[in-house]
Number of protein chains: 2
Amino acid sequence: MSEREQRLERLNGMLRRRGFILPAFEIHGGAKGFYDFGPVGGRLRSRVNQAWLDHWLRMGNIVELSCPTVTPYAVLEASGHVGEFSDFMTVCGSCEEASRADVLLEAHHTNPDALKMDELQNLLDASKPECPACAATEWSPVEAQNLMFNTTIGAGSSGRQGFLRPETAQGMFTSFNVLFRHFRERLPFGAVQLGKGYRNEIAPRQGMIRLREFNMAELEYFIDPEKKPEPNLGDLGDLMLTLVGEGQEPSSMRLQDALDTGLIRHATVAEFIGRTHRFLEHVGIHTDKIRFRQHEQDEMAHYAVDCWDAELHGSYGWVECVGIAHRGCYDLEAHEKATGKTLRARREFDEPRTTVIDAWTINGATAGPAFKAMAGQVKKAVEDLPKDTVFPCTVIIDEGATVEVLAEHVKPNQKTIKETGEWYLPHVIEPAFGIDRIIWHVLDHAYKEDIKNDDKYVRMELSDKIVPVDMAVFPLFEKDGMGERAWAIHQRLCATPGLVSMYDASGSIGRRYARADEIGVPRCVTVDHQTLEDETVTVRSRDTGEQIRVPIDELC
Amino acid sequence: MSEREQRLERLNGMLRRRGFILPAFEIHGGAKGFYDFGPVGGRLRSRVNQAWLDHWLRMGNIVELSCPTVTPYAVLEASGHVGEFSDFMTVCGSCEEASRADVLLEAHHTNPDALKMDELQNLLDASKPECPACAATEWSPVEAQNLMFNTTIGAGSSGRQGFLRPETAQGMFTSFNVLFRHFRERLPFGAVQLGKGYRNEIAPRQGMIRLREFNMAELEYFIDPEKKPEPNLGDLGDLMLTLVGEGQEPSSMRLQDALDTGLIRHATVAEFIGRTHRFLEHVGIHTDKIRFRQHEQDEMAHYAVDCWDAELHGSYGWVECVGIAHRGCYDLEAHEKATGKTLRARREFDEPRTTVIDAWTINGATAGPAFKAMAGQVKKAVEDLPKDTVFPCTVIIDEGATVEVLAEHVKPNQKTIKETGEWYLPHVIEPAFGIDRIIWHVLDHAYKEDIKNDDKYVRMELSDKIVPVDMAVFPLFEKDGMGERAWAIHQRLCATPGLVSMYDASGSIGRRYARADEIGVPRCVTVDHQTLEDETVTVRSRDTGEQIRVPIDELC
């Protein structure tokens with residue numbers, strides 16, 4: 001095992017032992033691709049989620065939505081997931097274990113992920129890779145396997161097919177009209193959603209990187225494609241980022257320069273690249289382990305204008321953790337087509353626009369005698385008819401009555417139409433975050449090993465912004481009232497909104513420091529004999545080891 | 001329609017129009033039992049969730065977990081859900097719509113919910129209720145329909161049956177050993193989890209009360225059944241609550257008295273009733289619309305010691321929103337039985353206990369010559385064998401070697417065992433909250449209608465603790481720089497952690513106040529000409545209508 005693999009094994013062992021992240025359902029034999037956030041990790045997950053939410057809400061034109069995870073067939077058919085959300089699968093002829101064809105062929109091709117079904121089939125036939133489960137080499141024909149978890153909504157013959165959502169985005173697209181109304185019909189605006197996403201992986205691997213159930217966080221930002229966004233990125237423009245342009249080597253560049261030179265094709269995409277970088281830094285990702293990689297043309301969906309991934313570097317190499325995609329009007333248009341409903345915004349013209357179009361009016365000489373007192377109303381109705389109307393034709397007049405209009409009653413006419421604005425399909429820019437992958441890299445980057453007394457000494461250098469336990473309280477002994485005093489201080493800390501404290505009375509203070517360092521507690525408070533006399537405690541810093549004496553009242 | 005139904009219709013209309021709560025997937029024709037939290041409701045949901053979490057974490061011995069929603073068959077078989085989580089269904093012979101048998105029979109029985117399958121069948125045959133969809137009266141035989149959403153984990157023949165969890169609790173029970181280690185093996189402690197639960201209702205109705213996908217929040221609190229909890233409830237004991245004891249009429253009572261008189265059977269159950277009451281009050285539930293109802297013996301699971309529901313009163317009458325159950329050791333024991341793993345806590349004895357048990361030792365006369373130098377090791381191995389061992393028998397000695405021991409090598413022996421403690425199954429007390437139902441009642445209680453200019457004027461009197469929008473900023477006009485100034489103030493408010501502001505520039509200030517009142521914004525800030533001169537704004541209170549002039553710097 002390489003040094004990197006050994007470190008990964010030690011890190012995973014610690015994360016499991018200390019209750020950060022554990023394989024789910026383990027006492028029942030487990031289930032691949034499912035993880036629990038344990039007594040320490042649960043709080044970490046909450047804090048990263050909250051930090052993400054606060055980060056976007058502060059823009060001032062973003063709201064939070066929460067939509068169901070169970071989703072009817074029609075919604076995911078419209079979005080394209082029923083047709084296209086799939087991997088190529090093949091099944092071992094011996095043990096019947098299913099594998100992803102591209103993964104089997106990793107040793108036989110530089111980028112099997114990009115191969116089409118028939119190319120995968122040919123390569124599989126030619127290279128006969130071994131089954132990872134049983135080492136046999138006979139494979140069933142390659143087939144596309146949809147990756148959505150299937151379910152049925154309702155019972156009996158009233159049951160309808162549904163899926164667990166593969167992303168949170170669709171609920172935000174189908175809510176467009178609600179959002180448009182909420183924002184008083186003024187773009188740009190966005191909606192965010194945090195929640196579970198599901199992907200029924202054929203053969204999950206790589207721990208938190210490929211999960212079947214994961215924590216997602218997406219922003220859908222709706223813009224008017226005809227309104228150029230502000231090209232000056234302000235503060236964000238000065239960020240120095242590692243960018244990997246399409247077909248280029250990584251290079252360090254000011255964000256504003258990347259936009260000005262056209263490497264990043266849209267100012268709002270550039271803005272979100274900058275904001276994403278700031279978020280990652282905020283939760284403790286090391287900035288030298290972040291790069292933004294532009295999608296190749298053939299990697300990008302046909303409708304996409306520009307796509308960048310934020311990749312983070314850690315124990316698994318460079319891993320995509322955020323996707324920032326300019327999706328054009330693809331999604332809203334797809335739901336419009338499938339439902340016949342409109343999902344549009346209105347753009348007012350600076351000046352009203354007049355256009356002259358061909359239409360009809362009545363021929364007074366014939367229509368007057370025919371319609372008598374109703375002639376005025378018939379005229380109005382006829383002038384609203386489109387040019388391709390064929391006469392005779394029945395029109396509805398004001399009182400709701402119908403009237404038969406003959407060809408001889410009408411003549412061609414030209415009509416001037418004045419419009420003050422128009423309805424259009426907004427474009428969407430979507431930053432989509434894989435929260436589990438980000439948390440994994442936060443842990444990976446924070447994990448520090450020192451040598452102490454010939455043993456590895458572990459310290460998690462987690463950011464104060466997301467640390468799962470803010471303070472730990474230790475009674476030197478649980479006697480002479482020190483235990484009660486320490487517990488009272490612990491409870492007072494816990495009562496402070498947003499602060500989490502941990503109480504630990506087992507073993508030597510040194511052992512307790514070590515346990516606290518291992519889960520990244522920034523400050524440890526020790527209650528000793530002196531506390532009982534002068535109401536002060538010792539506060540020891542995780543990162544410096546420094547200990548200072550502090551009055552209890554100044555702890556929080 | 002009754003006045004109550006009319007009010008409910010207006011309330012629902014407002015909640016939908018203003019983006020609190022909306023039927024999900026509506027443009028695709030909708031799906032019964034699924035709701036979206038919209039641009040206003042999404043934030044409300046987040047804040048109620050956060051308030052719930054903070055409420056329990058401050059106890060100091062509670063941690064947060066997050067487990068998957070997709071759950072393997074084995075876990076839910078062990079918990080009893082595969083066998084028992086069902087409703088009785090019957091299908092219309094004419095339109096094939098499925099209905100719940102007990103719901104169909106509501107007009108024909110006072111409590112059809114309590115009937116067994118054959119009783120329902122007899123009553124259905126006798127009363128022939130009309131199908132709510134098509135009014136036909138022919139019904140298929142009543143059958144038990146499991147209410148879990150079904151799915152398959154994995155693809156092809158590797159696929160395994162799974163379900164969407166019906167509650168969050170199971171992940172916390174199966175994590176018991178992780179929790180026990182985290183809390184340094186010291187009870188009592190608890191775990192909380194917030195997240196989605198699923199129930200594939202046969203025929204959902206009553207809006208947010210019966211959902212197929214819902215927001216749950218559960219606490220599993222593990223206690224030592226032999227350790228009596230503190231009977232003095234402190235502050236909590238003074239709460240005056242409406243309690244409905246088993247078979248009794250509602251009565252107002254001090255919580256401490258309810259415990260002391262034995263109406264509430266366990267001090268920790270009483271404590272959680274008090275804490276639940278405080279939480280409900282904190283998020284804005286009117287305390288005169290809360291009551292705690294004790295389960296009848298036949299309503300309670302056989303293993304339960306005491307169960308109380310918090311019921312809230314609103315547009316649907318009294319509705320169960322929280323269940324507080326003393327579940328004994330049922331859940332941990334069920335998972336132990338199913339998995340063969342232990343889920344136990346350790347209790348140290350005050351004094352070590354010695355017991356004498358029958359066992360074996362070697363017969364020196366025969367074993368000495370037979371085993372020679374190894375005799376000592378064989379002796380040790382033999383003394384560890386249970387009394388029911390049959391000889392000859394193979395034992396493993398220290399070096400891992402095996403040795404055949406014959407009957408003649410051994411003789412009966414008595415062994416003294418000294419034990420310092422014992423392993424036991426903890427008991428569990430579980431407060432389980434239906435967050436959607438609580439949010440529904442928060443909205444119902446906050447909804448106030450006044451008459452203003454002959455029209456209904458709506459004001460949501462939401463608590464500041466959970467209000468979705470804290471402040472709204474209005475420029476008097478969007479000219480002379482007032483729009484830019486107002487937007488800058490709005491952005492500054494948004495940048496304040498935990499604060500959400502809304503910007504509104506459409507229509508008269510009066511209209512904007514009305515819109516803000518309708519979603520419960522406590523304070524509206526108006527930017528006018530004077531703002532540009534002296535950096536002050538008008539702040540208007542939702543509840544009093546009072547307006548005061550405040551320097552911008554003092555807004556937050």
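**Exercise 1. Find how far apart the centres of domain 1 and domain 3 of chain A are, and then describe the overall build of the chain.**

Start with the distance: taken over C-alpha atoms, the centres of domain 1 and domain 3 of chain A are separated by 56 Å. The bounds of these domains come from an automatic or database domain assignment. In chain A that assignment gives domain 1 as 86–146, domain 2 as 350–421 and domain 3 as 469–554.

A word on what you're looking at: this is a predicted model, where local features need pLDDT of at least 70, side-chain atom pairs count only at pLDDT 80 or more, and totals for chains, interfaces and linings use all residues. Residues are numbered from 1 along each chain as its sequence is written, while chains are lettered from A and ligands numbered from 1 in the order in which they are written.

Next, count the elements: chain A has 17 helices and 28 strands. Helices (H or I, at least four residues) and strands (E, at least two) are DSSP runs, numbered from the N terminus. The radius of gyration of chain A is 32 Å, well over the 24 Å of the globule rule for 556 residues, so the chain is more spread out than a compact globule. The radius is taken over C-alpha atoms, and the rule is 2.2 Å times the number of residues to the power 0.38.

Then look at the box: along the principal axes, the C-alpha atoms of chain A fill roughly 110 × 70 × 60 Å. Finally, 43% of the 556 residues of chain A count as buried. Buried means 20 or more other C-beta atoms within 10 Å of a residue's own, exposed means 12 or fewer, and partly exposed is in between, with C-beta atoms placed from the backbone.

**Exercise 2. Work out how chain B relates to chain A, and what the contact is made of.**

First, superpose the copies by least squares on the C-alpha atoms of residues with pLDDT of at least 70 in both. Chain B lands on chain A with an RMSD of 0.6 Å after a turn of 179° and a shift of 0.0 Å along the axis. That's the relation of a two-fold axis. In chain B, the residue closest to the rotation axis is Thr151(B), with its C-alpha at 2.8 Å.

Now the contact, which takes 74 residues from chain B and 74 residues from chain A. Two residues are in contact if their C-beta atoms, placed from the backbone, lie within 7 Å. On the side of chain B that touches chain A, helix H2 (residues 41–57) of chain B gives the largest share, six residues. That side divides into 33 nonpolar, 27 polar and 14 charged residues. Here Ala, Val, Leu, Ile, Met, Phe, Trp, Tyr, Cys and Pro count as nonpolar, Asp, Glu, Lys and Arg as charged, and the others, Gly among them, as polar.

Last step: 100% of the interface residues of chain B are also interface residues in chain A, so the copies meet through the same surface.

**Exercise 3. Trace which strands pair with strand S5 (residues 86–91) of chain A.**

Begin with S5(A) itself: five of its six residues are buried. Strands pair if DSSP finds at least two bridges between them.

- S5(A) pairs with strand S7 (residues 143–146) of chain A in the antiparallel sense, over four bridges. Asp87(A) has Gln145(A) in S7(A) as its bridge partner.
- S5(A) also runs antiparallel to strand S6 (residues 98–100) of chain A, joined by three bridges. Thr90(A) has Ser99(A) in S6(A) as its bridge partner.

To finish, check the turn: S5(A) and S6(A) form a hairpin with six residues between them, and Glu96(A) in that turn has a positive phi of about 65°.

**Exercise 4. Decide whether Gln206(A) and Phe25(B) are buried or exposed.**

Here's the background: most residues other than glycine have a negative phi, and most peptide bonds are trans.

Take Gln206(A), which isn't a glycine yet has a positive phi of about 60°. Gln206(A) sits in the loop between strand S10 (189–198) and strand S11 (213–223) of chain A. Gln206(A) has 12 C-beta neighbours inside 10 Å, so it counts as exposed.

Phe25(B), also not a glycine, has a positive phi of about 60°. Its loop lies between strand S1 (21–23) and strand S2 (35–37) of chain B. Phe25(B) has 24 C-beta neighbours inside 10 Å, so it counts as buried.
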